[in-house]
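Q: I am new to this structure and would like a close look at one chain. Please take chain B and describe how it is built and where it meets its neighbour.

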Amino acid sequence: MAEEETEGSKPKGNVSRRGFLKTAAAGAAGAGFAVTVPRILTGEIGPLSGLFKGTTGGAGTEPIVAYIADATKGEIVLMAGTREVRIRDFGMVSWLVRAVAGA
Amino acid sequence: MSSHREAPAISKDPVADNTDVYAFVDPGDPSKVNILANFIPFEKPEGGPNFFRFGDDVLYEIKIDNDGDAEEDITYQFRFKTTTLNPDTFLYNTLPITLAGGPFAPYSESFNIRQRYTVKRVEGDDDDDGVVVAANLETPPVNIGPRSTPGYPALAGAAIHTVGSKKFFAGQREDAFNVDLGSIFDLGTLRPFQGAHVLGSFGPSVGRDGTKGFNVHTIAMQVPKTDLTKDGIMPTDVGAAESVIGVWASASRQKALIRRKNGIVENAGKWVQVSRLGNPLVNEVVIPVGKKDRWNAGEPKDDGAFLAHFEHPELQTLLPFLYTGVFPNLAAFVAGGGARADLVAILLTGIPSGIIGGFQNFTGTTHADLLRLNLAIPPSASPSPFGLLGSDLAGFPNGRRIGDNVVAIELRAIAGATLPLVTSFTPDGAASALTDGTSNDAAALGSFPYLGHPHQGYDHEHD
């Protein structure tokens with residue numbers, strides 16, 4: 001049966017949520033664009049509704065889904081509500097790929 | 001079928017499955033046009049306790065091209081939201097559902113599982129520029145039976161919403177499409193002609209309507225013509241390009257779906273189209289199975305990629321094979337490799353002026369599956385179910401009315417009945433007589449939303 005994160009569960013291995021957020025923030029800032037996305041993730045700014053205009057939840061409660069269609073391009077698609085943000089960060093993608101490989 | 005379960009992917013997602021689209025000038029008020037889009041094929045009327053309803057997680061759209069580029073200029077978006085008044089019962093309705101005032105109006109509190117919707121109008125292709133036309137519009141209950149939904153026409157009538165000069169209805173309706181599924185999918189058998197079928201000598205018989213006794217869910221709107229035309233003109237000139245609109249409907253789902261262990265399902269991402277429909281039967285019988293899912297995900301403006309399937313439809317090859325000796329002229333045409341310019345015109349570009357006297361619904365050279373409607377042509381006083389083939393300019397393929405027999409019309413067209421419009425060709429005698437022998441099993445309404453009331457769960461029949 002597939003594993004799924006539940007409330008209160010701890011991430012496996014060395015892939016911690018806090019570590020992911022820090023890496024995401026650093027990676028996006030280093031790439032020079034989409035800096036606001038990690039700021040959302042780290043909680044430095046308010047609800048998602050202001051950034052993801054038109055999202056269905058509106059209160060920032062909906063999940064954010066990160067999607068890597070092609071790791072060789074270093075592109076991550078972040079989906080929240082009906083909005084999508086694309087960021088390009090080879091470092092972060094590489095880190096995530098290694099995390100998956102070691103999971 | 002027009003488009004019921006017509007492609008591998010959408011056959012597993014009925015809530016988002018377009019089944020039919022209708023577009024016709026209103027016979028009672030010719031200044032207005034009706035567009036109806038049906039979804040959810042083969043609703044068994046007794047299918048409780050979770051009776052059929054629209055998807056809260058589906059974006060339903062009706063799109064209009066009014067300048068001939070096969071891209072949407074006007075879009076009506078419909079989003080639904082379900083509310084359960086009492087989650088501690090398994091019942092859809094706790095007592096008879098009646099009309100009532102008060103906090104649960106227009107229905108009694110006994111109507112437990114309800115759905116309301118929002119209508120948004122978008123100009124161009126940027127959803128952010130849309131304007132909410134109406135919100136919290138009520139859908140009617142499904143037709144359960146004489147104890148649960150007594151006086152159903154009145155219950156349904158309470159869900160016809162007038163918003164300014166427009167009307168909207170969304171809810172369960174009788175499936176007006178009729179077709180002999182059991183026969184046609186048994187290797188192309190048409191019961192009235194099965195005595196000539198190459199496989200078996202069965203005597204001719206009447207057709208059996210495969211959708212008899214089944215319901216669909218309909219999104220219907222009646223709007224002024226000027227709401228849909230370029231620059232808001234009122235079309236009066238049949239020959240003018242601005243008099244023709246192209247119509248199609250679609251359903252979209254968000255890109256990502258996450259299933260949690262606690263039963264909660266969450267969606268994220270942009271809308272991705274999973275179903276679309278303009279002309280009836282196109283994805284059903286023209287597009288091959290290996291391309292059907294791609295067709296459903298595509299845009300009409302890109303339909304040129306499928307042109308070969310319209311120029312050389314598989315069915316025109318099958319007919320002479322299955323009915324040996326019945327279609328010799330069609331067989332000769334197929335053997336000669338000629339392209340079906342008539343079908344391309346009817347289904348992909350519209351019919352230009354000069355082909356049929358007093359008629360055109362040409363939208364330009366862009367190949368696109370659009371249901372084209374010349375709004376300057378008035379409604380017919382005596383509609384022919386064979387539409388244009390019956391010399392009725394107000395019927396399919398000039399839009400589509402409830403009573404248009406699109407199965408017979410398209411069978412006859414593919415068999416060669418419309419080929420003389422574009423080339424020297426003598427249709428086989430059978431071409432103008434082809435039919436699956438079915439007719440609809442319920443009467444249409446005389447006014448909006450036109451599609452008949454749904455079959456009730458308690459008492460209905462299938463063929």
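A: What follows describes chain B as a whole, then its contact with chain A, then one residue of chain B, and last a sheet in chain A.

The model is predicted, and every value below is computed from it.

Chain B holds nine helices and twelve strands. Its radius of gyration is 22 Å, close to the 23 Å that the globule rule gives for 463 residues, so chain B is as compact as a globular protein of that length. Along its principal axes, the C-alpha trace of chain B spans about 70 × 55 × 45 Å. Of the 463 residues in chain B, 50% count as buried. Contacts in this chain can also be sorted by distance along the sequence: among those between residues at least 6 apart, 65% join residues at least 24 apart.

Next comes the contact between the chains. Twelve residues of chain B are in contact with twelve residues of chain A. On the chain B side, the elements that give two or more residues are β10 (244-259) and β11 (265-277) of chain B. Of the elements on that side, β11(B) gives the most, with five residues. By type, the chain B residues that touch chain A divide into six charged, four nonpolar and two polar.

A single residue of chain B can now be looked at more closely. Glu461(B) lies in the segment after α9 (406-417) of chain B. Glu461(B) counts as exposed because it has 8 C-beta neighbours inside 10 Å, and the cut-off for exposed is 12 or fewer. Leaving aside residues up to four places away in sequence, Glu461(B) touches Lys212(B) and Gly213(B). Between Glu461(B) and Asp441(B) there is a separation of 20 residues in sequence, and their C-alpha atoms are 9.7 Å apart in space.

The last part to describe is in the partner chain. In chain A, three strands form an open sheet in the order β1-β2-β3, with antiparallel pairing. Its edge strands are β1 (64-67) and β3 (83-88) of chain A, each of which pairs on one side only. Neighbouring strands of this sheet are turned by 20 degrees against each other on average, with direction ignored. Strand β2 (residues 75-80) of chain A pairs with β3(A) in the antiparallel sense over six bridges. Opposite Met79(A) stands Glu84(A), which is in β3(A).

Methods. Residues numbered from 1 in each chain as written. Chains lettered and ligands numbered in written order. Predicted model: local features only at pLDDT ≥ 70, side-chain atom pairs only at ≥ 80, totals over all residues. Contact = placed C-beta atoms within 7 Å. Helix = DSSP H or I, 4+ residues; strand = E, 2+ residues; numbered from the N terminus. Nonpolar A, V, L, I, M, F, W, Y, C, P; charged D, E, K, R; others polar. Rg over C-alpha atoms; globule rule 2.2 N^0.38 Å. Buried ≥ 20, exposed ≤ 12 C-beta atoms within 10 Å, placed from the backbone. Pairing = 2+ DSSP bridges. Axes fitted to C-alpha atoms, helices over the stretch in contact; angles between N-to-C directions.
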